[in-house]
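Me: I am new to reading protein structures. Could we go through one together, a question at a time?

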Amino acid sequence: MQLYHHPYSLNSQRVRLALEEKGIDYTSHHVNPITGKNMDASFFRMNPSAKIPVFQNGSHIIFDTIEIIQYVERIALVSLGTDNIMCSSREVIEWMQKIQEWKPKFFTLVHIPDKYRQYVSKFIRRVIIARMAESPDLAGAYHSKLREAYETDDKMKKPDIASQDKEHLIRLLDDIEAQLNETAFLAGEEFTMADVMLIPVLARLVLLNLEEEYIGSRPNIAEYWTLVQQRPSYKKVIGKYFNGWKKYMTLMKTWGFVRLRTLVKRF
Ligand SMILES: N[C@@H](CCC(=O)N[C@@H](CS)C(=O)NCC(=O)O)C(=O)O
């Protein structure tokens with residue numbers, strides 16, 4: 001089984017948390033969307049949306065995060081016996097879908113300083129153009145990605161671009177806060193795939209230095225956040241890259257790559 005993913009990608013984190021929680025082995029391929037690795041023809045040919053994560057088991061390829069997680073659950077059922085491991089209940093799936101409805105893209109982008117955002121955006125556009133020249137048979141799909149990049153840049157110029165996403169996030173967190181008043185985890189007393197969907201959202205808020213505003217102000221979520229950070233799956237998938245000073249190392253590595261490639265004009 002192959003997983004194409006990256007530590008930066010919130011949906012990739014979800015799938016990796018699920019794999020770790022279920023104890024499933026897989027071959028990991030890092031595809032950094034910020035350095036435009038997702039535009040490499042070898043990956044792009046399999047997945048012209050260029051989005052990660054992508055999960056491949058033989059000829060079976062899955063592109064949707066929730067579908068991948070449910071597939072991982074089924075593999076766990078088959079490989080580890082049916083005694084303890086259950087597939088997600090309806091309640092869990094409802095939470096998963098509700099959390100998935102909140103899209104982190106514009107909310108994240110508005111919290112990144114303009115100068116870095118524009119620099120990376122220009123870099124990615126140049127990567128797309130370079131890859132298009134190398135693989136003209138994929139020109140149509142590369143054009144779509146280029147258009148998408150320009151549309152994103154245009155949308156970012158609108159003053160209240162992330163306000164709807166922010167309101168959506170507040171509603172979601174308020175619902176979660178109320179739920180965590182009743183139960184230790186999102187869908188009951190046990191850790192489930194609903195928690196796997198939520199943890200990367202909280203990690204993203206921390207990464208953007210928004211912990212106090214969104215997590216600290218909600219005592220049940222704050223307590224839950226402390227609890228879930230103790231899990232080995234969290235440490236392996238997120239903590240290893242983003243806890244404390246590590247986040248600066250992770251970000252600097254990517255930023256250094258983008259800067260260097262831009263300076264030497266190698267895309
Ligand atoms: N349909 C996908 C969406 C995944 C997605 O939005 N991935 C983002 C990162 S979390 C991505 O790959 N962005 C890079 C791009 O759009 O070029 C899913 O639900 O898994």
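Me: Which exposed residues are carried by the face of H8 turned away from its buried side?
Reply: Happy to help, and please keep in mind that this is a predicted model. Helix H8 covers residues 163-182, and one of its faces points away from the buried side. The exposed residues on that face are Gln164, Glu167, Ile170, Arg171, Asp174, Ala178, Asn181 and Glu182.

Me: And which residues of H8 are buried?
Reply: A residue counts as buried if 20 or more other C-beta atoms lie within 10 Å of its own C-beta. In H8, that label goes to Leu169, Leu173, Ile176 and Leu180.

Me: Within what arc do the buried residues of H8 fall, seen down its axis?
Reply: It helps to start with a general point. An α-helix has 3.6 residues a turn, so residues three or four places apart point the same way. The buried residues of H8 line one face of the helix, because seen down the axis they fall within an arc of 65°.

Me: Which helices do the buried residues of H8 pack against?
Reply: Let us follow the buried side to its partners. Packing here is with other helices along the chain, and the buried residues of H8 meet four stretches: 105-110, 193-207, 211-216 and 219-228. In that order, these are helices H5, H9, H10 and H11.

Me: What does Phe106 touch, not counting residues up to four places away in sequence?
Reply: Phe106 is found in helix H5 and is partly exposed, with 18 other C-beta atoms within 10 Å. Asp165 is 59 residues from Phe106 in sequence, but their C-alpha atoms are 7.5 Å apart in space. Leaving out residues up to four places away, Phe106 touches Lys155, Ile161, Ala162 and Asp165.

Me: Which residues have the most contacts inside the largest nonpolar core?
Reply: This core has 48 residues, and its largest share, 11 residues, comes from H9. The core draws at least three residues from each of domain 1 and domain 2. The residues with the most contacts inside it are Ala194 and Leu198.

Me: Which residues does Leu198 touch, not counting residues up to four places away in sequence?
Reply: Leu198 is one of the residues with the most contacts inside the largest core. One of its contacts takes us back to H8, where Ile176 is among the buried residues. With residues up to four places away set aside, Leu198 touches Ile99, Ile176 and Leu186.

Me: How many residues does the contact between the two domains take from each of them?
Reply: The domain assignment splits the chain into domain 1 (1-87) and domain 2 (89-262). Their C-alpha centres lie 17 Å apart. The contact takes 24 residues from domain 1 and 31 residues from domain 2.

Me: Which helix gives the largest share of the side of domain 1 that touches domain 2?
Reply: Helices H1 (10-22), H2 (41-46) and H3 (65-80) each supply at least two residues of that side. By type, its residues divide into 12 nonpolar, five polar and seven charged. The largest share, eight residues, comes from H1.

Me: Where is the cis peptide bond of Pro53, and what is its omega?
Reply: As a general rule, most residues other than glycine have a negative phi, and most peptide bonds are trans. Pro53 has its place in the loop between H2 and strand S3 (54-57). The cis bond joins Ile52 and Pro53, and its omega is about 5°.

Me: Is Ala50 buried or exposed?
Reply: Ala50 is found in the loop between H2 and S3, and its phi is positive, about 65°, although it is not a glycine. There are 23 C-beta neighbours inside 10 Å of Ala50, and the cut-off for this label is 20 or more. Ala50 therefore counts as buried.

Me: Is Asn209 buried or exposed?
Reply: Asn209 is found in the loop between H9 and H10, and it has a positive phi near 60°. A residue with 12 or fewer other C-beta atoms within 10 Å is called exposed. Asn209 has 10 of them, so it is exposed.

Note on methods: Residues numbered from 1 in each chain as written. Predicted model: local features only at pLDDT ≥ 70, side-chain atom pairs only at ≥ 80, totals over all residues. Expected span 1.5 Å × (residues − 1). Arc of directions from axis to C-beta. Contact = placed C-beta atoms within 7 Å. Domains from an automatic or database assignment. Nonpolar A, V, L, I, M, F, W, Y, C, P; charged D, E, K, R; others polar. Core = buried A, V, L, I, M, F, W, Y, C linked by C-beta atoms within 7 Å.
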